[in-house]
Structures are given as structure tokens and as C-alpha cells.
Amino acid sequence: MMMTMEGVAVKLPSYSFPIIRSPARCVTRNFRPFSISASTLKEGHPAAPSVPPASLSLGHLTRPDFPILHQEVNGSRLVYLDNAATSQKPTAVIGALQNYYESYNSNVHRGIHYLSARATEEYELARKKVSNFINASDSREIVFTRNATEAINLVAYTWGLQNIKPDDEILLTVAEHHSAIVPWQLVAQKTGAVLKFVELNGDEVPDVDNLKDMLSRKTKLVVVHHVSNVLGSVLPIKDIVLCAHDVGAKVLVDACQSVPHMVVDVQDLNADFLVASSHKMCGPTGVGFLYGKSDLLSAMPPFLGGGEMISDVFLDHSTYAEPPSRFEAGTPAIGEAIGLGAAIDYLSGLGMQKIHDYEV
């Protein structure tokens with residue numbers, strides 16, 4: 001990126017990287033060099049092309065929806081390219097948060113007055129929106145968490161500590177996010193399990209064939225990303241799940257970088273667990289979700305103790321609520337979950353296939 005007095009010129013070299021579509025072959029996409037002068041982005045500038053509204057790109061059409069982009073930085077209109085770290089929020093999401101705090105701010109699941117009833121209804125509606133967005137079979141398979149990191153830790157400290165034994169193997173790739181590696185290092189230290197890592201192939205993406213070869217009856221869990229924003233790889237999750245299930249292993253999918261960019265169908269993928277984060281899909285920070293198959297969630301012990309996750313409390317013991325409440329101790333991020341629901345409405349209104357096609 002070059003700064004000038006007139007504006008910002010962005011120049012990108014030509015890149016080629018493989019996108020894994022199947023374990024047998026890679027498709028290489030070429031990105032041609034281009035340059036954009038920020039001055040051409042200024043409305044009414046003489047150099048700006050006259051483009052009829054019908055031919056505007058999805059990027060041009062959606063830019064007005066994001067208030068933060070309606071500003072200038074160093075004399076040029078703000079261009080934001082850091083969506084892999086966090087996405088900006090459309091007006092609809094900001095409005096949903098404001099509406100919650102202005103109109104029906106209250107706690108959920110523990111009041112019979114109007115505000116509590118409405119807050120509970122909207123909070124559970126957000127859960128249904130997440131469920132429909134990823135095509136879960138039941139909204140009770142969606143657990144709201146603080147973020148995707150907490151969702152992975154939830155699985156590690158409940159299912160992991162309950163099911164992984166000494167000498168069992170946990171299979172990951174070297175391309176996983178730290179939040180998908182460190183929890184399993186801790187589980188391995190506590191249980192005596194062994195971590196195994198799949199290396200990159202000659203195209204510098206995870207070697208799926210090698211992953212399959214490393215699977216064995218000792219493998220209890222496979223942890224993989226769906227999309228890597230670092231490598232540009234898109235792993236064939238459905239195929240990986242099939243192979244993992246053949247040896248009796250479960251699969252946890254880090255979908256933080258796929259859920260905002262393409263259609264994700266958990267029933268089609270058949271993954272056992274899948275995590276994603278609101279703030280990378282145009283939603284608020286402070287909330288994410290865990291998808292887990294119903295039978296697995298029902299067999300898992302609580303992650304945190306407190307209100308909401310209990311059925312009955314006695315002085316010497318307690319009984320626990322059914323999922324998802326069992327894993328949502330204490331007052332949740334109510335407004336943030338409702339904001340996530342609004343983000344899903346926004347993305348669904350655009351169409352996830354349309355978003356994916358535009359990005360391709």
C-alpha cells in the first residue's frame with residue numbers, strides 16, 4: 001500500500017494458491033494484479049466511472065450498510081480489509097443491539113414480566129436463526145458461548161476429559177488456529193493422550209491424503225479448520241468426516257472463516273462439533289456458538305456451574321438442565337446473541353451463495 005497526497009493507491013501482486021476441493025486434486029485460482037486509487041472512490045469525482053445501479057457489484061451495493069465506512073482516513077474514504085480478524089457491523093445489527101437496550105432489556109429465562117418474556121423470546125429466536133443458518137436438525141444443538149475459543153474449550157473440558165484416555169490420539173493440522181491447538185494440548189497433558197499433526201503438502205496446504213493415512217483406531221478426535229484465511233485452503237470436511245467416522249473418531253470443525261463466506265450445512269458435513277464466532281460474520285463481539293450433535297451434547301457434563309444450567313439444587317448435590325441450558329451458566333450475552341440473529345438476517349437477505357460467488 002502506498003500513501004500519497006492525493007489518496008491511497010493499493011497494488012497487489014499476482015497470487016496463485018490451491019483451494020482443496022477433494023483429496024484427489026487441487027484447483028488453482030489466479031488473481032491478477034490491479035490498482036485502485038482512493039480518489040476514484042470519491043462520489044462525484046471526475047475520474048469516477050459512471051456506473052448504472054443495476055451493474056454495481058455486491059461490494060458497492062452493501063458498502064452503504066456499514067456506518068463505520070462513512071468516514072475519511074488521511075483524506076481518503078476508509079477501505080477496510082481486515083475481516084479475517086473481525087468484520088464491521090451493518091446498521092441492522094447496530095439497530096438490533098440498540099433496540100434491545102432501549103426497548104426490552106431484561107434477563108432471560110427467569111422472569112414472567114413483559115420485558116423478560118420478550119427478551120427470552122428474542123434470545124431463543126436468535127438461537128433458531130443460527131440453527132437454520134447452518135441447517136442443524138434442532139435449535140437445541142446450538143450452544144451460545146463467549147466466542148469460538150470458548151466453544152472449543154467447552155468441548156475439550158467436557159467431551160474431551162470424559163472420553164479421551166491415555167495413549168488415545170488427537171489429530172490436528174499444523175495450520176490450526178491457536179485456539180484449536182492449545183485446549184487439546186491441555187487435555188493431552190491431563191489425560192496422557194497423544195497429539196498428532198498433519199503437515200502441509202507441496203502446495204503449502206494441509207495434506208488431506210496424509211491425514212487419512214494417519215487415522216487409526218487410536219484416533220479419538222480430529223480437529224480441522226474448514227477454511228484457512230492464512231493459506232486460502234478449503235478442506236473437504238465431508239470427506240474427512242467420513243474417513244474419521246470409519247475408525248470411530250469424532251470431528252470438530254473450526255468454521256470461523258467459512259460460515260461468513262459460504263453455505264455451511266452441518267447435516268450434510270455430518271461433523272460432530274462445529275464452532276463459529278459472531279464478530280467475523282457481521283455480528284457483535286462477545287458471542288459465538290457451538291453446534292453439537294444432540295446425543296453428544298446430552299452425554300456431556302456441565303462446563304461451568306451456576307444459575308441457568310441447573311434443574312434442581314440441593315445442599316449436597318445438584319441435577320443439571322438439558323442442553324443447551326446445561327452449557328450456558330449465568331446471565332448470557334443477551335443483546336449480543338440478538339445482534340448475531342440480526343447479522344444472520346442480513347447475510348441471509350444477501351444470500352450466502354451470492355456472497356460466495358461474488359468472493360470467488
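This note goes through the sheet, the helices, the cores and one buried histidine of a predicted model.

1. Basis. The model is predicted, so local features need pLDDT of at least 70 and side-chain atom pairs count only at pLDDT 80 or more, while totals for chains, interfaces and linings use all residues. Residues are numbered from 1 along each chain as its sequence is written, and side-chain values use heavy atoms, without hydrogens and water.

2. Sheet. Seven strands form an open sheet in the order E8-E14-E13-E12-E11-E9-E10, and the pairing is mixed. Strands are DSSP runs of E with at least two residues, helices are runs of H or I with at least four, and both are numbered from the N terminus; two strands pair if DSSP finds at least two bridges between them. E8 (142-145) and E10 (194-198) are the edge strands, each paired on one side only. From one strand to the next the twist averages 20°.

3. Strands E13 and E14. E13 (residues 273-277) pairs with E14 (residues 288-292) in the antiparallel sense over 5 bridges. Val-275 has Leu-290 in E14 as its bridge partner.

4. Helix H3. Residues 114-133 form H3, which lies across E8 and E14 and runs at about 115° to E8. Axes are lines fitted to C-alpha atoms, for helices over the stretch in contact, and angles run from 0 to 180 degrees between N-to-C directions.

5. Helices H4 and H5. H4 (residues 148-163) packs against H5 (residues 178-191) at an angle of about 20°, with the axes 9 Å apart. The two helices are therefore roughly parallel (angles under 35 degrees). Residues that meet there include Ile-152, Val-155 and Tyr-157 in H4, and Pro-183, Trp-184 and Leu-186 in H5.

6. Cores. The largest nonpolar core (buried Ala, Val, Leu, Ile, Met, Phe, Trp, Tyr and Cys joined through side-chain atoms within 4.5 Å) has 63 residues, of which Phe-144, Leu-274 and Phe-289 touch the most other members. Helix H10 (residues 334-350) gives the most to this core, with 9 residues. A second, separate core of 28 residues includes Ala-151, Ile-170, Val-275 and Phe-327.

7. His-226. This residue sits in the loop between strand E11 (219-225) and helix H7 (237-246). His-226 counts as buried because its relative accessibility is 7%; buried means under 20% relative accessible area, exposed over 50%, and partly exposed in between, with a 1.4 Å probe and protein chains only. Beyond its neighbours within four places in sequence, its contacts (heavy atoms within 4.5 Å) include Ser-233, Asp-254, Ser-258 and Met-262.

Definitions and conventions
Parallel < 35°, antiparallel > 145°, perpendicular 65-115°, else oblique.
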